[in-house]
Amino acid sequence: MTQNAGVSATDQATVERRRDEPDPVAAEFVLRLGRAMQVYGMSARRLEDLLGAAADRLRLTGHQFFSTPTSIMASFGPVGRQRTHMLRTEPGEVNLGKLAELEQVGINVAEGRCTPAEGSAAVDRIAAAPSPYGKALTTVAYGLLSGAACQFLGGGERESLAGAALGLGLGVLALLIGAVPRIGGVFEPLAAFLVSAGAIGLAHLLGPMSVLTATVAGLIVLLPGLTLTTAMTELATRHLASGVARLSGAFSTFLTLAFGVALGNRVGEAIFGAAPAAQAVGGVDWAGLVALIVAPLCFTVILRAEPRDAPWIVLAGALGVMGGRLGAATFGVELGTFAGSLVVGLAGSGYERLRRRQASVVVVPGILLLVPGSVGFRSLTNLMDRQAVTGIETAFSMILTAIALVAGMLVAGVILPERRIGPGA
């Protein structure tokens, strides 16, 4: 009798354990979705929220998620019998179009409009889809963006022309590096070296100009301002591991770029001689208006957003820049950045509610027009030139700008919260 009772208890425990085991198809979908969104640049907060909503819908009990820029940990089941998965990911380039599609797949599964198997197939299809823009157009977008960026950095005609040429060269270099993956690890310092040396050569060719402004504009695509802003946002929302990791990555990128520029300046001066320097003089008003349209369009191509989103991206970027300038004229630079970030955040929330698509499609390009990447780069170059006081002051300005950006985004999220994901949303 005792033996039968023991067998019965063991069988019951086995049944309960099997009942607690996650559905393998559902768990595989969640893991596939998380890996894909991580690769294309989704923030830790949004990623964990979306995976949690999908897991709730799929009845994956006891689920927990933890993400950093290079890994995802996912656990399913009761605490005492959890099954944990560890995914190692390699961060890729931000792809706004695929991020929006992947999030929509997650929402469709979370709201019961498709099955996990169908969702997994959709994730694979999205990941394999080619870019909507060709290599030639992307390369041209690098050059146009650098030329337009000079207008935001206070450059004039010569700086804009030099910046466009340097940005175009950077785009060609990116294509060449893509064909030789083994040297991809030195892309940033190599690009900074070539751009800074090229800027000195162009100063001799075009005439006196601000070499630093042209160099920063030529490297604008590589400056980790977006990474820095995302890191500060994650720290503010208590995603500490991911925030610290991104902050360290941004600082490392700043250092490698600054080293490449310092080396390029020395080599450029040795080859071409000292550059005929001049203070940057702002361009005409119409050039700034053109840049306000061209820069968001270039970000649309470089960040691979869908063409149908281009008008919304231009609108959000223009509103952000104008809001930032109005705020700066009224309250000062830092509060001006807060105002610009607030306007971009509200525009993103409005776009999400109106178009039922991910807000970051318009928020990321809009924020990139405001991010403090160029300020941080100037800080490091000042420090490497042994201008310690100026470098520290510039670094402090960069930190205040980043905090203002994050504050604007958080306040925008309070005024117009992101739409809820899951059943009944």
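This report walks through some features of a predicted model, from an aromatic pair to a few loop residues.

## An aromatic pair between two strands

A good place to start is with the aromatic rings: searching the whole structure turns up two aromatic pairs. In one of them, the ring centres of Phe65 and Phe76 are 6.0 Å apart and the planes stand at 75 degrees, so this pair is edge-to-face. The angle decides the label because planes over 60 degrees apart count as edge-to-face.

Where do Phe65 and Phe76 lie? Phe65 belongs to strand β1 (residues 64-68) and Phe76 to strand β2 (residues 71-76), so the pair ties together parts 11 residues apart in sequence. Both Phe65 and Phe76 are buried.

## A nonpolar patch on the surface

Next, have a look at the outside. Val140, Leu144, Leu168, Val172 and Leu176 make up a nonpolar patch on the surface, and together they have about 420 Å² of accessible area. Two elements, α6 (135-152) and α7 (157-179), each give two or more residues to this patch. The most comes from α7, which gives three residues.

Leu144 is one of the patch residues, and its place is in helix α6. With a relative accessible area of 47%, Leu144 is partly exposed. In a helix like this, a general rule is handy to keep in mind. An α-helix has 3.6 residues a turn, so residues three or four places apart point the same way.

## A closer look at helix α6

Helix α6 has 18 residues, and the distance from its first C-alpha to its last is 26 Å, close to the 26 Å expected at 1.5 Å a residue. While α6 contributes to the surface patch, it also has buried residues, among them Thr138, Tyr142, Leu145, Ala149 and Cys150. Just after α6 comes Gly154, which takes a positive phi of about 85 degrees.

## Salt bridges that link helices

The structure holds 10 salt bridges. One of these joins Arg46 to Glu352, with the closest N and O atoms 3.4 Å apart. Arg46 sits in helix α3 (residues 44-57) and Glu352 in helix α14 (residues 333-355), so to speak at two distant parts of the chain, 306 residues apart. Arg46 and Glu352 are both buried.

A second example pairs Arg246 with Glu234, whose closest N and O atoms are 3.0 Å apart. Arg246 lies in helix α11 (residues 240-272) and Glu234 in helix α10 (residues 225-236), so the pair ties together parts that are 12 residues apart in sequence. Are these two partners buried or exposed? Arg246 is buried, with a relative accessible area of 14%, and Glu234 also counts as buried, at 2% relative accessibility.

## A salt bridge by Arg308, and a small network

The side chains of Arg308 and Glu306 also meet in a salt bridge, at 2.6 Å from N to O. Here Arg308 is partly exposed, with a relative accessible area of 46%, whereas Glu306 is buried, with a relative accessible area of 16%. Elsewhere, salt bridges that share partners join Glu28, Arg32 and Asp124 into one network.

## The loop between α12 and α13

The loop between α12 (285-302) and α13 (310-331) is the place of Asp309. Asp309 counts as buried, at 0% relative accessibility. What does Asp309 contact, leaving aside its neighbours within four places in sequence? Its contacts are Tyr351, Arg357 and Val361.

Arg304 lies in this loop between α12 and α13 too. Its phi is near 60 degrees, a positive value in a residue other than glycine. Most residues other than glycine have a negative phi. Arg304 counts as partly exposed, at 21% relative accessibility.

## From Arg356 to helix α15

Further along, the loop between α14 and α15 holds Arg356. Although Arg356 is not a glycine, it has a positive phi of about 60 degrees. Arg356 is partly exposed, with a relative accessible area of 42%.

Why is helix α15 (residues 360-368) described as largely enclosed by the rest of the structure? Nine of its nine residues are buried, so the description fits. Among these buried residues are Ser360, Pro365, Gly366 and Leu368. Val361 is another of them, and it is also one of the contacts of Asp309.

Note on methods: Residues are numbered from 1 along each chain as its sequence is written. This is a predicted model: local features need pLDDT of at least 70, side-chain atom pairs count only at pLDDT 80 or more; totals for chains, interfaces and linings use all residues. Side-chain values use heavy atoms; hydrogens and water are left out. Rings of Phe, Tyr and Trp (its six-membered ring) pair if their centres lie within 6.5 Å; planes under 30 degrees apart count as stacked, over 60 as edge-to-face and the rest as tilted. Helices (H or I, at least four residues) and strands (E, at least two) are DSSP runs, numbered from the N terminus. Buried means under 20% relative accessible area, exposed over 50%, partly exposed in between (1.4 Å probe, protein chains only). Patches are made of residues with over 30% relative accessible area and no salt bridge: like charges are joined within 9 Å, nonpolar side chains (Val, Leu, Ile, Met, Phe, Trp, Tyr) within 5 Å. Accessible areas come from the Shrake-Rupley method with a 1.4 Å probe; for residues, only the protein chains shown count as cover. A salt bridge is a side-chain nitrogen of Lys or Arg within 4 Å of a carboxyl oxygen of Asp or Glu. The expected span of a helix is 1.5 Å times one less than its number of residues. Contact means heavy atoms within 4.5 Å.
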